[in-house]
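Welcome! Please take a moment to look over the sequence and the model below, and then we will walk through them together.

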Amino acid sequence: MASSPTTGAAPASPPSPPSPPPPPPVDSLAAAVLAAQQVLILRRTQFGSFEILAPAPAWLARLATFPTALDKPFPITDRFPFLEVWLPEAEELWRSGTGAPIHSSLWTEPTRDGTDLHLEATALPLQQQSLLLIRRADAEHTARQQVLQLARERMLDHERLLEEISAKEILLHCIIHDLAGPLAGIQGCLEILANRARDAEDTEFVQLGLLQAGRQQRLIRTILDVFASHDPSPQAPSPQVQPSHDLITCVDDVVEGLRPAFLAKGARLQTLRSEGLQRPGWVVAEASRLERVLYNLLENALRFAPVASTVTVHLHDDGQWMEVTVTDEGPGVAPEVLPQLFQQFITGGRWPGKSGLGLFFCRITLERWGGNIACVATEGTGGRFRIRLRKASPTP
Amino acid sequence: MIQRKICLLGSFAVGKTSLAARFVDRPFSGRYLTTIGVRIDRKRLHLAGQDLTLLLWDMAGEDRFQRVEASYLRGSAGYLLVVDGTRRSTLDQALLLHERAQGLLGPIPYSLLLNKADLAKDWEISDADLSPFEGQGGPIVRTSAKTGDHVDEALHELAHRLLTP
């Protein structure tokens, strides 16, 4: 037998125990049973080497590490290097002399014929002998491999799918961005036409065109902002940024901007302020996004407001918060819609013809500033949405 | 005969088993077959006038389903960190494994293998991404288990360092 080569760490060599009694003989029937089970049975000698007890199973001769017959004790880690990491645990069991058998993890050894052997070791103290059993574990190996393989293939598919979605989102982002380009030109032309209008009818049509162009511009910005909310790149606005803006002025501007649309539908738009509300009403918000949040809420109210009804915008100072409540006299929000109301792409049914991003945009925008949005009235009582914004000092 | 243990570490499906197959002249299979536990191969080399046997421990890939057993690293003289160059996340995983191995084994020789170099059009790892590995003493090698590019060279280079006192 060649002398033991070394790895980085020497095989575990615990203090030699007192000489155990000689191993009991293995009778021929037992030996035949063990051989049929393809189990290699070894006994640890008092010097830490191992000897084969029963006839060796056929698979042993196929291992590249067993070039010769082993009729003498040998260092086990020379033949099965994997056991180097598990033997300390087995040695503890053998030293104790009692206890349930312990099993190693599975490992794989190549054979001379290019196939693999999947093995498992068991340590067993029996009749004062330190026994080591090594058996083929092909069935366990196959079962575990099938489960893990499937899980990992699914994970790879999932990763690929995410990449595809990401690529499509980038494309969509580019398309939407490009769609916004001509809009500024259209708005400019409409404004020129507004100055040259010949009569009230011309003015009405041009104003309608401007209103729709403004809506489209806000919709595009909303979609781009929603993209930005998923984008962890440095270009996305940091949640730490705390801009401030005058909420009262912003509400007034939006109400004035939408008044023609309400008039066209035959609905009334009114603003109420709680007693003692002080101007300016600084809140943590960024001007253009806050404006779009309010436009979204008021356009929703307008869509569901019946003819000759009133939409009320109520401003309220609630200590550390400023609140805006938008109330309409429409059908309200069905209870089953409420849990998903502020999720993205909630469309259809009572919300036809919309992108499904308006209320989602409101929620993520307000939450970014530490505020929130809620639907505080349900079906049958009209729609009522309340937004809350943290009070702030003016941005220097 | 000198014998040294080398571990192949990395996330799942980065090509550790395919690289090990190349090291020992087994045929390359393009089919991904996940490794259970560890697979041990032997590679004999004659370097600097010495016979050397490398015990190649091809460890199961680490992910949310399976963790590399720290005890398996015991006794390693060096290790190969394997990354799939077409999956950025496998570099992060390699960095975690590298830190764990260095913590357990100390500053032993290692190499970082950016595998699947044949899939250049799907490459996701930039030079900037590799900055955590700069100045750590391990070479960074682009390998392809499929074509065999730089595979033997990477192993020989590490083996040389194992023999250098």
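## First look at chain A

How many helices and strands does chain A have? There are eight helices and 13 strands in chain A. Keep in mind as you read on that this is a predicted model.

Chain A holds 396 residues, and 24% of them are buried. Now consider the contacts in chain A with a separation of 6 or more: 65% of these join residues 24 or more positions apart.

## The five-stranded sheet

A good place to start is an open sheet of five strands in chain A, with the order 8-10-11-13-12 and mixed pairing. Its edge strands are strand 8 (268–273) and strand 12 (372–377) of chain A, each of which pairs on one side only. From one strand to the next, the twist averages 20 degrees.

Within this sheet, strand 11 (residues 321–327) and strand 13 (residues 384–390) of chain A run antiparallel to each other and pair over seven bridges. To find one of these pairings, look for A:Val326, whose bridge partner in strand 13 of chain A is A:Phe385.

## Helices on the sheet

Which strands does helix 6 of chain A touch as it packs on the sheet? Helix 6 (residues 247–265) touches strand 8, strand 10 (310–318), strand 11 and strand 13 of chain A. The direction of helix 6 makes about 165 degrees with that of strand 8 of chain A.

Helix 8 (residues 358–368) of chain A packs on the sheet as well, touching strand 12 and strand 13 of chain A. Here the angle between the direction of helix 8 and that of strand 12 of chain A is about 130 degrees.

## A closer look at helix 7

Helix 7 of chain A covers residues 287–304, which makes 18 residues. From its first C-alpha to its last, helix 7 reaches 26 Å, close to the 26 Å expected at 1.5 Å a residue.

Several residues of helix 7 of chain A are buried, including A:Arg289, A:Arg292, A:Leu294, A:Tyr295, A:Asn296, A:Leu298 and A:Asn300.

## Where chain A meets chain B

Turn the model to see the two chains together: 26 residues of chain A are in contact with 27 residues of chain B. On the chain A side, strand 4 (107–110) and helix 4 (138–195) each supply at least two residues. Helix 4 of chain A gives the most to this side, with nine residues. By type, the residues on the chain A side divide into twelve nonpolar, nine polar and five charged.

The chains are also linked by strand pairing: strand 4 of chain A and strand 2 (residues 38–47) of chain B pair in the parallel sense over two bridges. In this pairing, A:Thr108 has B:Arg39 of strand 2 of chain B as its bridge partner.

## Two nonpolar cores

The largest nonpolar core has 68 residues, and B:Ile6, B:Leu8, B:Leu9, B:Leu81 and B:Leu113 are those with the most contacts inside it. Leaving aside residues up to four places away in sequence, B:Ile6 touches ten residues' worth of neighbours that include B:Leu54, B:Trp57, B:Tyr79 and B:Leu158. Apart from the largest core lies another, of 39 residues, among them A:Val251, A:Leu294, A:Leu298 and A:Val326.

## Loops worth a visit

Is A:Gln127 buried or exposed? A:Gln127 is exposed, because it has 10 other C-beta atoms within 10 Å. This residue is found in the loop between strand 5 (116–126) and strand 6 (129–136) of chain A. A:Gln127 has a positive phi of about 50 degrees, although it is not a glycine.

B:Lys116 is not a glycine either, and has a positive phi of about 70 degrees. You will find B:Lys116 in the loop between strand 5 (110–115) and strand 6 (140–142) of chain B. With 25 other C-beta atoms within 10 Å, B:Lys116 is buried.

Another stop is the loop between strand 8 and strand 9 (282–284) of chain A, where A:Pro280 lies. The peptide bond from A:Arg279 to A:Pro280 is cis, with omega near -15 degrees.

Finally, A:Gln37 is found in the loop between helix 1 (28–36) and strand 1 (39–44) of chain A. A:Gln37 is partly exposed, with 14 other C-beta atoms within 10 Å. A:Gln37 and A:Pro57 are 20 residues apart in sequence, and 8.2 Å separate them in space, C-alpha to C-alpha.

Terms used:
Residues are numbered from 1 along each chain as its sequence is written. Chains are lettered from A and ligands numbered from 1 in the order in which they are written. This is a predicted model: local features need pLDDT of at least 70, side-chain atom pairs count only at pLDDT 80 or more; totals for chains, interfaces and linings use all residues. Two strands pair if DSSP finds at least two bridges between them. Helices (H or I, at least four residues) and strands (E, at least two) are DSSP runs, numbered from the N terminus. Axes are lines fitted to C-alpha atoms, for helices over the stretch in contact, and angles run from 0 to 180 degrees between N-to-C directions. Two residues are in contact if their C-beta atoms, placed from the backbone, lie within 7 Å. A residue is buried if 20 or more other C-beta atoms lie within 10 Å of its own, exposed if 12 or fewer, and partly exposed in between; C-beta atoms are placed from the backbone. Ala, Val, Leu, Ile, Met, Phe, Trp, Tyr, Cys and Pro count as nonpolar, Asp, Glu, Lys and Arg as charged, and the others, Gly among them, as polar. The expected span of a helix is 1.5 Å times one less than its number of residues. A nonpolar core is a set of buried Ala, Val, Leu, Ile, Met, Phe, Trp, Tyr and Cys residues joined through C-beta atoms within 7 Å.
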